[in-house]
Amino acid sequence: MTDSANPKRRNLWKILFGVSLALNLLIVGALGGAFMRKGKGPTANHLASGFLYMRALDFKDKRALRKEILRNKDGRKLAKDRNQASYNSAVVIIKGHPFDRAAFENLLDEQAKHAKLRQSLTRRALVNHIEKMTKEERLIYAQRLKAVSYTHLRAHETEADLVCRLLLE
């Protein structure tokens with residue numbers, strides 16, 4: 001009996017081919033990601049923005065905090081409308097000739113001010129949420145925060161940072 005006549009043998013080859021292809025794609029993806037990330041230094045902006053603090057919360061806490069943040073529907077609607085108007089103004093300024101640098105810088109400053117306000121409200125909600133945690137919940141949260149921040153910052157290391165860290169450990 002030949003290989004082509006045995007359907008079980010053909011299916012085995014198909015499975016092996018599929019597994020081989022999946023492994024090759026995984027390796028190429030990992031290498032591609034490593035090359036694309038190479039040269040980017042650590043980014044402390046994530047720490048300042050609260051990204052890691054939110055990421056360290058468990059699902060239940062994230063949902064409760066999200067409800068707290070989204071509670072003010074009228075304020076969110078106003079902010080959404082203001083953002084849309086602001087970006088429409090940006091498009092008008094960018095299309096204008098000659099380019100009005102001062103108007104565009106003022107618009108960016110206004111957008112930054114509103115973003116900082118939203119960030120402040122979110123930060124306040126996070127602090128209030130952590131304050132309501134029991135001591136045990138805060139300890140668990142602190143452990144998750146430590147793990148998340150360590151993993152996240154390691155993802156942004158450059159070769160120089162890695163060498164320094166290895167020398168210090």
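The exchange below concerns a predicted model, its largest pocket and the packing of α5 and α6.

Colleague: Why are α5 and α6 called roughly antiparallel to each other?

Modeller: The two helices pack at an angle of about 160°, and an angle counts as roughly antiparallel when it is over 145 degrees, so α5 and α6 fall in that class. Their axes are 10 Å apart, and α5 passes α6 in a left-handed crossing.

Colleague: How do you know that α5 meets α6, and which residues are involved?

Modeller: Contact is taken as heavy atoms within 4.5 Å, and on the α5 side the residues that meet α6 are R82, N83, S86, Y87, S89, A90, I93 and I94, while α6 brings A103, F104, L107, Q111, H114 and R118. By class, this contact of α5 with α6 has seven nonpolar, five polar and two charged residues.

Colleague: What makes a residue part of the lining of the largest pocket, and which residues lie nearest the centre of that pocket?

Modeller: A lining residue has an atom within 4 Å of a point of the pocket, and 18 residues line the largest pocket, with I69, N72, R118, L121 and T122 nearest its centre. The space in this pocket is about 510 Å³.

Colleague: Which helix gives the most to that lining, and what is the make-up of the lining by class?

Modeller: With eight residues, α6 gives the most, although α4 (59-70), α5 (73-95) and α6 (101-132) each supply at least two. By class, the lining has seven nonpolar, five polar and six charged residues. R118 appears both in the contact of α6 with α5 and among the residues nearest the centre of the largest pocket.

How values were computed. Residues numbered from 1 in each chain as written. Predicted model: local features only at pLDDT ≥ 70, side-chain atom pairs only at ≥ 80, totals over all residues. Heavy atoms only, no water. 1 Å grid on protein atoms, 1.4 Å probe; cavity = no way out; pocket = protein on both sides within 12 Å on 5 of 7 lines; lining within 4 Å. Points joined across faces, edges and corners; volume = space filled by probe spheres on them. Helix = DSSP H or I, 4+ residues; strand = E, 2+ residues; numbered from the N terminus. Nonpolar A, V, L, I, M, F, W, Y, C, P; charged D, E, K, R; others polar. Axes fitted to C-alpha atoms, helices over the stretch in contact; angles between N-to-C directions. Parallel < 35°, antiparallel > 145°, perpendicular 65-115°, else oblique. Left-handed = near helix turned anticlockwise from the far one by under 90°.
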